[in-house]
Amino acid sequence: MIGCQDGLVVRVQPAEAWPHGEYRFDIQHDGANVVCTGILPLPSCDRRALLCDAPEPTIVESGCALDPSAHAFGDVVFSSTPADVTVAVSHLGRMIGSGRWNPTYQTSQPNGPGCEPVCTSAAVELVLAFE
């Protein structure tokens, strides 16, 4: 049986490798405000680099076992299906990307019509420029 997940993914697309330093993600979704802050390079593989003031959404951290030049943040992942989402990302206090979306969700049944699970999901893209 094939599974699937409900939710929204904001695919974060950096124009280049993530430079080291302090990052801040300001996220608004359906009236809630979430702030996540952290630094690159990542501290270690057994500790989160980003600290958020709410459990939802989560932000992917990748490359902890690689050379620090490969450390990165990634997608902003919601397990819910927010109707209105804004994400703004800053590096060293300078805005490097922001976007606002009213996602269009698709329903899928990966195991065929009438078979569980039924999932509702969407994806949007946020491009970052570090210049």
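This is a selection-by-selection tour of a predicted model.

**Whole chain**

Start with the whole chain in cartoon view. The secondary structure consists of 10 strands and zero helices, so the order along the sequence reads β-β-β-β-β-β-β-β-β-β. The C-alpha trace spans about 50 × 30 × 25 Å along its principal axes.

Switch to a surface. About 7,300 Å² of the chain is exposed, and carbon and sulfur atoms supply 52% of that area. Of the 131 residues, 37% count as buried. Among contacts with a separation of 6 or more, 54% are between residues 24 or more positions apart.

Colour the charged side chains next. There are 15 negative and 6 positive ones, and the centres of the two sets lie 5 Å apart.

**The largest nonpolar core**

Select Val10, Trp18, Tyr23, Phe25, Phe73, Val76 and Val87. The largest nonpolar core has 28 residues, and these are the ones that touch the most other members. To see where the core draws its residues from, highlight the elements that give two or more: strand 1 (7–14), strand 2 (21–29), strand 3, strand 6, strand 7 (85–91), strand 8 (94–101) and strand 10 (119–128).

Stay with valine 10 and show its surroundings. What does valine 10 touch, not counting residues up to four places away in sequence? The list is Asp75, Val76, Phe78, Val87, Trp101, Val124 and Leu126. Val76 and Val87 in that list are also among the core residues that touch the most other members.

**First disulfide: cysteine 36 and cysteine 52**

Now show the cysteine side chains. The structure holds two disulfides.

Select cysteine 36 and cysteine 52, which are joined with an S to S distance of 2.0 Å. The link is right-handed, with 115° about the S-S bond. Cysteine 36 lies in strand 3 (residues 32–40) and cysteine 52 in strand 4 (residues 51–52), so the disulfide ties together parts 16 residues apart in sequence.

Are the two ends buried or exposed? Cysteine 36 has a relative accessible area of 0%, and is therefore buried. Cysteine 52 is partly exposed, at 31%.

**Second disulfide: cysteine 45 and cysteine 64**

Move to cysteine 45 and cysteine 64, the pair in the other disulfide, also with S to S 2.0 Å. The torsion about this S-S bond is about 110°, so the disulfide is right-handed. The pair links distant parts of the chain, 19 residues apart: cysteine 45 is in the loop between strand 3 and strand 4, and cysteine 64 is in the loop between strand 5 (58–62) and strand 6 (72–78).

Both ends can be checked on the surface. Cysteine 45 has a relative accessible area of 48% and is partly exposed. Cysteine 64 is partly exposed too, with a relative accessible area of 32%.

**Arginine 48**

Remain in the loop between strand 3 and strand 4 and select arginine 48, which lies there. Its relative accessible area is 45%, so arginine 48 counts as partly exposed.

Which residues is arginine 48 in contact with, leaving aside its neighbours within four places in sequence? They are Pro43, Ile59 and Glu61. Ile59 and Glu61 fall within strand 5 (58–62).

To finish, draw a distance from arginine 48 to asparagine 102, which is 54 residues away along the chain. Their C-alpha atoms are separated by 29 Å.

Terms used
Residues numbered from 1 in each chain as written. Predicted model: local features only at pLDDT ≥ 70, side-chain atom pairs only at ≥ 80, totals over all residues. Heavy atoms only, no water. Disulfide = S-S within 2.5 Å. Helix = DSSP H or I, 4+ residues; strand = E, 2+ residues; numbered from the N terminus. Buried < 20%, exposed > 50% of the residue type's maximum accessible area, 1.4 Å probe, protein only. Core = buried A, V, L, I, M, F, W, Y, C linked by side-chain atoms within 4.5 Å. Contact = heavy atoms within 4.5 Å. Areas by Shrake-Rupley, 256 points an atom, 1.4 Å probe, with all protein chains shown as cover. Lys, Arg positive; Asp, Glu negative; His and termini not counted. Charge placed at Lys NZ, Arg CZ, Asp CG, Glu CD.
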